[in-house]
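This report describes a ligand site, a pocket and a helix start, taken in that order.

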Amino acid sequence: MKLCMIGTGYVGLVSGVCFADLGNEVICVDKNADKINFLKKGKIPIYEPGLSELVIKNFKNKRLNFSTNLKKSVSESDIIFICVGTPSKKGSSTADLSQIYDVAKEISSSINKFKIVITKSTVPVTTGDEIEKILSRKNNKNKFSVVSNPEFLREGEAIRDFIYPDRVVIGTLDKKSNRILKNLYSPLISKGASYLQTSRRAAELIKYASNAFLATKITFINEIANLCEKTGVNVEDISIGMGLDKRIGSRFLRAGPAYGGSCFPKDTKAITSTADKFKTNLSVVKSVIKSNKNRSKILLNRVYEILNKKIKNKKITFLGVTFKANTDDMRDSSSLIMIPALSKKGAQIKYFDPTGIKKEFSKIKNVYNSNSIKDAIKGSDLVIIHTEWNDFKSINFKSLIKGKKFIIYDMRNIYSPNKIKAQGFKYYSIGR
Ligand code: UGA
């Protein structure tokens, strides 16, 4: 079986490399020639732990290749994975499917034998039906099957999530495609992944419903954290106490800044937009979007309170600016709201992120990148731990900076309040 991944973003690149590592022959296609040349040299356009090693290994052993030639790659392959982006349309909640449909049109003129055409990109329910219509326009009868196979990997944990998924969801009622795909995924199923065959529309919706539910869980605990702060309760006790109930589960109950990234913000919006289109109201998800949008304001107000509303000329440090650890991704990171707002109020901001300087802040007044934690926190009035990188988990603040004591606002609850306070620092965290 020869596989073709169209789109070398997170999903396409990680899945392609992992499939190659499982012994398949894989060609990854992208229209961006620079990116393809970069990849051929073993260079990786994204920061993802472990990815570079796997690309180099599988490119060398010739199971993995890269190309800009979509038509040739499709005609030489048996299984085609569409992995292009489905961002929000400008100024709208709706998913922009133009890249999906463009790719489908190109595939339709390259079908020379039976092919399974799979959407791995996150696509609204009924998109597979549209792809099927596009592929049917050419004389392709009985030469393809359109399947939905959503991906559930997380940035920063992508390789582990691919190899050890909780479940593999295959949306097709076509027996032949199901048999072939079950076989393709058999190395993961034998390691314990559940295999669910379902209708194509159900698979499409499972992906959105999962992301919307996880976003709801996070938003729920963030709101509970606000209540904890008012009532002197530790939100971590609540997360543990709730999580011990197997019906609830303990994961994704970590309170913190607003959720961000390339998926939850766009997918929560897209599912409400799809529901509106089908004249039904996903009011819970709409509330989640609203609450998450308000989250950065709540945390900013806390910063103002901590600094007694005197922000002008205050030296504020951000440790971590990406939306979460182990990624260089800045998309919808709450730092993009907080840093400009503090700069506008006259703060002097230094930030350190293990993935380096960020172009997003280059035009914001009084915002500077530091090359080390020590440099970032030197002379600071307030240190905000924004992202939970391991680099920030064992800092000895007392020995790192002698002299002036700063305030610490730990937005990821990394430190034990008592230990930090014992070192003489004023310490604030989330929901405790
Ligand atoms: C998310 C899903 O977790 C993946 O299953 C899915 O495949 C992916 O979207 C996608 O649709 O492609 P990702 O966006 O990489 O993955 O990151 P998460 O680890 O889910 O974190 C998302 C946001 O939630 C981050 O801002 C993170 O800091 C926040 N979060 C997560 C919390 O605030 N608390 C938690 O307990 C967990």
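The model is predicted, and the ligand site is a convenient place to begin. Two helices, α10 (200–231) and α12, each contribute at least two residues to the shell around the ligand, and α10 gives the most, with three residues. The shell holds 19 residues, of which F152, L153, E155, K207 and N211 come nearest to the ligand. By class, the residues of this shell divide into nine nonpolar, two polar and eight charged.

Polar contacts to oxygen atoms of the ligand are set out below.

| Residue | Protein atom | Distance to a ligand oxygen atom |
|---|---|---|
| E155 | polar backbone atom | 2.7 Å |
| N211 | polar side-chain atom | 2.8 Å |
| F323 | backbone N or O atom | 3.3 Å |

Taken alone, the ligand exposes 710 Å², and the protein buries 94% of that area. E155 and N211, which appear in the table through a polar backbone atom and a polar side-chain atom respectively, are also among the residues that come nearest to the ligand.

The second largest pocket offers another view of how parts of the chain come together. Where does this second largest pocket lie with respect to domain 2 (208–291) and domain 3 (295–429)? Both domains give residues to its lining, so the pocket lies between them. The space in the second largest pocket amounts to about 370 Å³, and its lining is made up of 14 residues, with P265, N292, K293, D332 and I337 lying nearest the centre.

Three helices, α12 (264–277), α13 (283–306) and α14 (335–344), each supply at least two residues of that lining, and the largest share, four residues, comes from α13. The lining of the second largest pocket divides into six nonpolar, five polar and three charged residues. Helix α12 therefore takes part in both sites, since it supplies at least two residues to the lining of the second largest pocket and at least two to the shell around the ligand.

The last region is helix α2 (residues 33–40), where the residues at either end can be described. At the start of α2, a side-chain oxygen of N32 reaches to within 3.1 Å of the backbone nitrogen of D34. After the helix comes G42, whose phi is positive, near 80°.

Notes:
Residues are numbered from 1 along each chain as its sequence is written. This is a predicted model: local features need pLDDT of at least 70, side-chain atom pairs count only at pLDDT 80 or more; totals for chains, interfaces and linings use all residues. Side-chain values use heavy atoms; hydrogens and water are left out. On a 1 Å grid over the protein atoms alone, a cavity is a set of points where a 1.4 Å probe fits but cannot get out, and a pocket is an open set with protein on both sides within 12 Å along at least five of seven lines; lining residues have an atom within 4 Å of a point. Grid points are joined across faces, edges and corners, and a volume is the space filled by probe spheres set on the points. Ala, Val, Leu, Ile, Met, Phe, Trp, Tyr, Cys and Pro count as nonpolar, Asp, Glu, Lys and Arg as charged, and the others, Gly among them, as polar. Domain bounds come from an automatic or database domain assignment. A residue is near a molecule or strand if one of its heavy atoms lies within 4 Å of it. A polar contact is a pair of N or O atoms within 3.5 Å; within protein, one must be able to donate a hydrogen and the other to accept it, and residues adjacent in sequence count only if both atoms are side-chain atoms. Accessible areas come from the Shrake-Rupley method with a 1.4 Å probe; for residues, only the protein chains shown count as cover.
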